[in-house]
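Good morning. I will go through one protein chain today, starting with a sheet and the helices on it, then some loops, and then the cores.

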Amino acid sequence: MSHDCGSCALNPQRLEVVAGGYDYVVAVAGNPNTGKSTVFNALTGLRQRSGNWPGTTVTRAEGGYRFNGHGYKVVDLPGVYSLRSATGEEDVARDFLQHGTPDVTVVVVDATRLERNLNLVLQILQVTDKVVVALNLVDEAERHGITVDTRHLARELGVPVTATAARRGRGITELQESIDLVARGKVASRGRRLRLDDLSEDEVVVAFFAEAGRIARSSITVDGRARLTVDRMLDRALTHRVWGFVVMGLLFFGVFWFTITGAAVPSDFLYRLLVQDGHVLVRELLSGAPWWITGLVADGIYLGTAWVIAVMLPPMAIFFPLFTLLEDFGYLPRVAFNLDRLFASAGAHGKQSLSMMMGYGCNAAGVTATRIIDSPRERMIAIVTNNFSICNGRWPTLILMGTVFIGTLVPPALAGLVAAGSVVLVAVLGIVTTLVVSWGLSKTVLRGATSVYSLELPPYRPPQVLRTIYTSVIDRTLKVLWRAIVMAAPAGAVIWLIGNVSVDGSSIAAHVSHGLDPLGLALGLNGIILLAYLVAIPANEIIIPTILMLTMTLGPIQYGVSSGVMLELADTETGSVLVQAGGWTVLTAINLMLFSMLHNPCSTTILTIWKETRSLKWTTTATLLPLALAFGVTFATAGLARLAGWA
Ligand SMILES: Nc1nc2c(ncn2[C@@H]2O[C@H](COP(=O)(O)OP(=O)(O)OP(=O)(O)O)[C@@H](O)[C@H]2O)c(=O)[nH]1
Ligand SMILES: [Mg+2]
C-alpha cells in the first residue's frame, strides 16, 4: 500500500489506531459471518462477541498481540459483502479499509462459500497488495466434503493464503507468521488486479463475478457425497410456513419450561443460604451498631442484593446458555426468517426480527443492533418497538408471576407447564404488539416504502456445548447479574429509607403509594407496584424485590422486626404475602405481567436510543408510547375483568 500520501499521518482514524506503541495495524475484514471476530479473538486472545448470524459485529473493535518482537494492533471490522455497496455497518468497514490505511488487511474467507467470498477479496486487492487471506472454516468445509487447494489459490490471488479453523485455534500461528511477513515487506505480494478502465458499472460487477467464479472453481474439489442435504432437510422443516412456527413455539416453550423447573431447586437453596441465613448473620455482625445502620445495611442494602442474586442467578444461568446454544447452532436467523414476512406486511424491515431477537437479552443491545437496518424510517420503527422484546431484567418478574400465581391455578403436576406457557404467551403478545405498533407507525408518522432485501440463512454449525455454556455464563449471566447487584444495593437503601423516614406520622413510601393507589387500582395494579416502577427506572431487575419490600412494610399486616425488612420467603410464601398483605388477586399478577412487557424502557435503553437517534422527539416517543400502551392495556383488562365480575 502506498504510504506516500502526506496526509496519512494526519488521518484521524489512523492516528487513533496506531496510538499505544504498536508497530503495525492489522484490519480483519471479510463477508458477514465468516468468523472474523473469531479470528480476531484467536489472534488477540480477547473475547469479542461472535455469533452465528450475519451482523454480529456492527462497530469496530480493537485489540493487540505481539509476534516476533513486533506489536500488532488488530481491528475487527463489521462484515461487508462488497466495497461497492453501502449499508450503515458496511460503511465502518469500507471507510477503514480505504482511508484507515492498515498495514495488513486480513480477509477472512468462508471456505464453504469460496466463490462469493473471493468477490470481496478481489475488490480489496484493487485497493491494496498488503493482504493475507485467512481461509477460515476449513473444518466445516471438510465436513461438507470440500477441499481447497490453498497454494493454487495463493498463486491465483498473488497474496499469502492460510487455512484456519479459528474456533479451534487451528492455523492461527501460521496466520500470524504471514501477517508478520507481509507487514515487514518480506514477501513479494502482488495481488491480482482486474483492469477495469473503460468498463461500465455493470460490466465491473460482472468482471468481478466472473473472475471470482473462475478462481474458485479451479481451487476447490468437492466430494460428491457431501452432507449438505441434512441442512437442507432441516431448513425445510424449520422454515416451513406451518411447521416452522410449531417448532418455534415448542422450542421456546421448552426453553422456558426447562428454565423454570430447573431453577426451582438452586433458587430455593440460594434463598435459604443468602436471604435467610445470610441475613441473620449480617444482623448479628452489626448487632452493636445503631438501629438505623443495621436497618440500612442489613435490611436494605444486603437483603435487596441477596434477593436479586437468589432469584435471578439460577434462571439466568440456565436460560442464557440454552439461548446461546440455539443461536450458535444457527436457529435464531431461522426465527427471523419465519417472522420476516410478518414484519414486511407490518410495513417494517425484515431485519427488524434480528434486532428484536437481540432485545430479548437486552433492549439497549437491541437498539444498537438496529444499525443493520439501512432505511432510517424502518430503523426508527425497530428502535421504538424494541421495548416489547422482553429483556433480562423482566424475565424474572414474568417467571415469578407465572410460577406463583398462574401455575398455582392448576394441579401441581401441571404447574410447571402452565407457568411456562403463561410466560411464553406474554412473549408472544410482545411480538404481536411489536407488529401492531410497527404497522401503526408505518401507516402514520413513519410512512414509506418497505425495503426489499434478502435475509441470508447462515449454515447450521454444531455448537461447542461446553465452551458455549462457559462463555454465556461468564459473558451474559454474570454481566446481567452484576448490573442487577449494582442497581439492587442502592435501591435496597432507597427503599429502606423511604420506608423508614417519616413525614407527618407516616413514611414517605406510604405517602407516595397511597397517592398512587387510585391510579394503580384503576389499572388492576396498586400504588405500591407503581411506586416500585418509579424506583426501578434505572433497572427493571429490582421490580420484584421492591414490590415485596414495600408490600411487607406498608400492607395492613406488618411483617418483620422493623419496617423495611423483606422477610425470608420461599416462592409459595411470596404468593401468600402478596395476597394477604398486598391484597393481590390473579388480575394483579396478570396485569403486572402485561405492564412489565409493555411499560417504558429502562434508563440505559433510553440513553442508548438518544445516542442512536440524537432526536429528542423520537427518544420521547420511544419512552412514552410504551408507557401509554401499558396504561391503556392494563386499564382495559382491569375494566373488563371487573365487568365480568372476576375482580
Ligand atoms: N466450525 C467453525 N465455526 C467457526 C469458525 N470460525 C468461526 N466459527 C463460528 O462461526 C460463527 C460466526 O463467527 P463470527 O466470528 O461471529 O463471524 P463474523 O465474521 O465476525 O460475523 P459478523 O460480525 O456478523 O460479520 C460463530 O458461531 C463462530 O463460532 C471455524 O473456524 N470453524
Ligand atoms: Mg464479527
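Let me start with a helix you can find on the screen. Helix 6, residues 150-157, lies across strand 5 and strand 7, and runs at about 155° to strand 7. Please keep in mind that this is a predicted model.

Helix 4 also lies on strands. Helix 4 covers residues 114-127 and lies across strand 1, strand 4 and strand 5, where strand 5 is residues 131-136. The angle between helix 4 and strand 4 is about 165°.

Now the sheet itself. In what order do the strands of this open sheet come? The order is 2-3-1-4-5-7, so to speak from one side to the other, with 6 strands and mixed pairing. Strand 2, residues 61-67, and strand 7, residues 161-163, are the edge strands, each pairing on one side only. On average, neighbouring strands of the sheet are turned by 25° against each other, with direction ignored.

As background, strands of a sheet pair through backbone hydrogen bonds, either parallel or antiparallel. This sheet gives us an example of each kind. Strand 1, residues 24-30, and strand 4, residues 104-110, run parallel and are joined by 5 bridges. Within that pair, Ala27 has Thr105 of strand 4 as its bridge partner. Strand 2 and strand 3, residues 70-76, run antiparallel, with 7 bridges between them. Here Tyr65 stands opposite Tyr72 in strand 3. Strand 2 and strand 3 form a hairpin with 2 residues between the strands, and Asn68 in that hairpin takes a positive phi near 55°.

Positive phi brings me to two loop residues. Leu137 is not a glycine, yet has a positive phi of about 65°. Leu137 sits in the loop between strand 5 and helix 5, which is residues 138-143. Asp198, also not a glycine, has a positive phi of about 70°. Asp198 is found in the loop between helix 7, residues 172-183, and helix 8, residues 201-219.

Which of these residues is buried, and which is exposed? Leu137 has 28 C-beta neighbours inside 10 Å, and therefore counts as buried. Asp198 has 6 other C-beta atoms within 10 Å, so Asp198 is exposed.

Next, the whole chain. The protein chain has 25 helices and 10 strands. Of its 647 residues, 50% count as buried. If we take contacts between residues at least 6 apart in sequence, 74% of them join residues at least 24 apart.

On to the cores. The largest nonpolar core has 119 residues, and Ala310, Met401, Ala532, Leu550 and Met593 touch the most other members. Helix 11, residues 291-329, gives the most to this core, with 19 residues. Leaving out residues up to four places away in sequence, Met593 touches Leu398, Met401 and Val426. There is also a second, separate core of 55 residues, which includes Val25, Val26, Val108 and Leu153.

Last, one helix pair. Helix 16, residues 395-406, packs with helix 17, residues 412-443, at an angle of about 135°, and the axes are 8 Å apart. At that angle, helix 16 and helix 17 are therefore oblique to each other. The crossing of helix 16 past helix 17 is right-handed. On the helix 16 side, the residues that meet helix 17 are Leu398, Ile399, Gly402, Thr403 and Ile406. On the helix 17 side, they are Val418, Ala419, Ser422, Val423 and Val426.

That is the end of my part.

Technical notes:
Residues numbered from 1 in each chain as written. Chains lettered and ligands numbered in written order. Predicted model: local features only at pLDDT ≥ 70, side-chain atom pairs only at ≥ 80, totals over all residues. Pairing = 2+ DSSP bridges. Helix = DSSP H or I, 4+ residues; strand = E, 2+ residues; numbered from the N terminus. Axes fitted to C-alpha atoms, helices over the stretch in contact; angles between N-to-C directions. Contact = placed C-beta atoms within 7 Å. Buried ≥ 20, exposed ≤ 12 C-beta atoms within 10 Å, placed from the backbone. Core = buried A, V, L, I, M, F, W, Y, C linked by C-beta atoms within 7 Å. Parallel < 35°, antiparallel > 145°, perpendicular 65-115°, else oblique. Left-handed = near helix turned anticlockwise from the far one by under 90°.
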